[in-house]
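User: I have a protein model open and want to go through its pockets and helix packing. Can you walk me through it?

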Amino acid sequence: MDLPNGKRAIGTKWVFRIKKDERGIVIRNKARLVAPGHRQEEGIDYEEVLAPVARIEAIRLFLAYAYFLGFLVYQMDVKNAFLYGTIEEEVYVTQPPGFKDPDHPDKVYKVVKALYGLHQAPRAWYETLANYLLGNGFKIGKIDQTLFIKKQKGDIFLVQVYVDDIIFGSTNKKMCTAFEKLMKDKFQMTEILKKFNYTDVKSVSTPIDLEKHLVKDGDADDVDVHLYRSMIGSLMYLTTSRPDIMFAVCACARYQVAPNISHLLAIKRIFRYLKGKPTLGLWYSRDSPFELVAYTDSDYAKATQDRKSTTGGCQILGK
């Protein structure tokens with residue numbers, strides 16, 4: 001369409017990525033169309049961009065409650081989640097490089113679905129998912145807006161959203177099966193090992209190599225920074241139930257700005273470890289009461305200058 005008077009178009013660009021297997025052989029060439037969000041202006045190109053994200057404590061609480069009620073918890077990952085969001089603001093982008101119409105080079109696109117790079121993409125995805133769940137009988141949590149609840153004939157169904165990762169469970173297994181089908185009918189789903197093609201790799205017994213320390217090496221070959229950050233994001237989410245990988249993941253997360261081949265190999269080792277140790281994780285006692293226990297303590301005016309006290313607290317729910 002023609003660019004309306006008083007409006008401006010945001011440029012677009014292609015991000016290319018070469019996907020290789022464990023032997024370094026190219027298996028796929030990928031291209032992603034992105035919009036440079038840093039060129040957007042608040043109040044003109046976007047309004048609200050904040051998207052609710054589940055806290056790690058909320059996910060662990062979810063797991064404790066699930067174990068207290070005695071039901072299984074499932075996890076799924078939404079492929080290309082940000083592309084599902086519908087843009088509410090009036091946003092225009094230029095024609096992609098290499099795909100310009102020679103007869104209409106000045107025409108622009110009006111954005112309906114979100115593009116990677118747009119400030120409002122995460123918010124648009126959350127609202128799309130929330131509206132979809134609310135339209136299928138779920139109610140949103142009054143305190144935690146990433147928690148969705150559905151009650152049916154004495155059974156309860158819970159869904160927790162962490163960006164594009166979703167965990168869910170129910171006292172009725174049939175409701176889980178129905179939910180999985182419901183989501184697959186609307187979105188493309190995957191799981192973490194399949195997402196990064198690590199289902200057939202050789203497993204290892206430890207998540208980190210103690211003999212090879214991670215360092216910043218300017219002479220080493222760089223790797224795809226987007227792939228590296230995506231791996232880190234997925235693993236950080238997984239640490240909510242797998243504290244055994246917390247140290248290794250945090251060590252690798254320090255090199256997200258400019259990762260090289262040694263850092264990528266360290267990340268791959270964590271995935272290989274997960275493949276060999278799928279049953280490890282947080283343990284919740286079945287016979288423990290699901291009650292809130294709180295502790296507090298103070299150092300009693302230990303500050304030497306003003307004699308103020310420092311107070312700390314800890315709350316535990318369901319062990």
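Analyst: Below we take the pockets, then a cavity, then the helix contacts. Keep in mind that this is a predicted model.

User: Pockets, then. How much space lies in the largest pocket?

Analyst: About 1300 Å³.

User: How many residues line the largest pocket, and which lie nearest its centre?

Analyst: The lining has 37 residues. Nearest the centre of the largest pocket lie Arg32, Tyr116, Lys195, His226 and Ser230.

User: Which helices and strands supply at least two residues of that lining?

Analyst: Three strands and three helices, listed here. The strands are S2 (13-20), S3 (26-34) and S4 (73-78). The helices are H2 (121-134), H4 (192-195) and H5 (225-238).

User: Which one gives the largest share?

Analyst: H5 does, with seven residues of the lining of the largest pocket.

User: And by class, what is the lining of the largest pocket made of?

Analyst: It has 16 nonpolar residues, eight polar and 13 charged.

User: OK, next pocket. What volume does the second largest one have?

Analyst: The second largest pocket has about 970 Å³. Its lining has 27 residues. Val73, Leu238, Ser241, Pro278 and Leu280 lie nearest the centre of this pocket.

User: Which elements give two or more residues to the lining of the second largest pocket?

Analyst: Helix H1 (56-69), S4, H4, H5 and helix H7 (261-276) do. H1 gives the most, with four residues.

User: How does the lining of the second largest pocket divide by class?

Analyst: There are 19 nonpolar, five polar and three charged residues in that lining.

User: Switching to cavities. How many are there of 30 Å³ or more?

Analyst: The structure holds two of them. The second largest cavity has about 40 Å³ of space.

User: Which residues line the second largest cavity?

Analyst: Gln75, Asp165, Ile192, Ser234, Tyr237 and Leu238 line it. H5 gives the largest share here, three residues. By class, this lining has three nonpolar, two polar and one charged residues.

User: H5 again! Let's turn to helix packing. What describes two packed helices?

Analyst: The angle between their axes and the distance between the axes.

User: So at what angle do H5 and H6 pack, and how far apart are their axes?

Analyst: H5 and H6 (residues 246-253) pack at about 150 degrees, and their axes are 10 Å apart.

User: Why are H5 and H6 called roughly antiparallel?

Analyst: Angles over 145 degrees count as roughly antiparallel. The angle of H5 to H6 is about 150 degrees, so the two helices are roughly antiparallel to each other. H5 passes H6 in a left-handed crossing.

User: Which residues meet there?

Analyst: From H5, Tyr228, Ile232, Leu235 and Met236. From H6, Val249, Cys252 and Ala253. The contact of H5 with H6 has seven nonpolar residues, no polar and no charged ones.

User: What about H5 with H7? Same two values, please.

Analyst: H5 and H7 pack at an angle of about 40 degrees, with axes 11 Å apart. The crossing of H5 past H7 is left-handed.

User: Which residues make the contact of H5 and H7?

Analyst: H5 brings Tyr228, Met231, Ile232, Leu235 and Leu238. H7 brings His263, Leu264, Ile267, Ile270, Phe271 and Leu274. By class, the contact of H5 with H7 has 10 nonpolar residues, one polar and no charged.

User: One last pair. At what angle do H2 and H3 pack?

Analyst: About 135 degrees, with the axes of H2 and H3 (residues 173-186) 12 Å apart. That angle makes H2 oblique to H3. Their crossing is right-handed.

User: And the residues that make the contact of H2 and H3?

Analyst: H2 gives Leu129, Tyr132 and Leu133. H3 gives Phe179, Leu182, Met183 and Lys186. The contact of H2 with H3 divides into six nonpolar, no polar and one charged.

Conventions:
Residues numbered from 1 in each chain as written. Predicted model: local features only at pLDDT ≥ 70, side-chain atom pairs only at ≥ 80, totals over all residues. Heavy atoms only, no water. 1 Å grid on protein atoms, 1.4 Å probe; cavity = no way out; pocket = protein on both sides within 12 Å on 5 of 7 lines; lining within 4 Å. Points joined across faces, edges and corners; volume = space filled by probe spheres on them. Nonpolar A, V, L, I, M, F, W, Y, C, P; charged D, E, K, R; others polar. Axes fitted to C-alpha atoms, helices over the stretch in contact; angles between N-to-C directions. Parallel < 35°, antiparallel > 145°, perpendicular 65-115°, else oblique. Left-handed = near helix turned anticlockwise from the far one by under 90°. Contact = heavy atoms within 4.5 Å.
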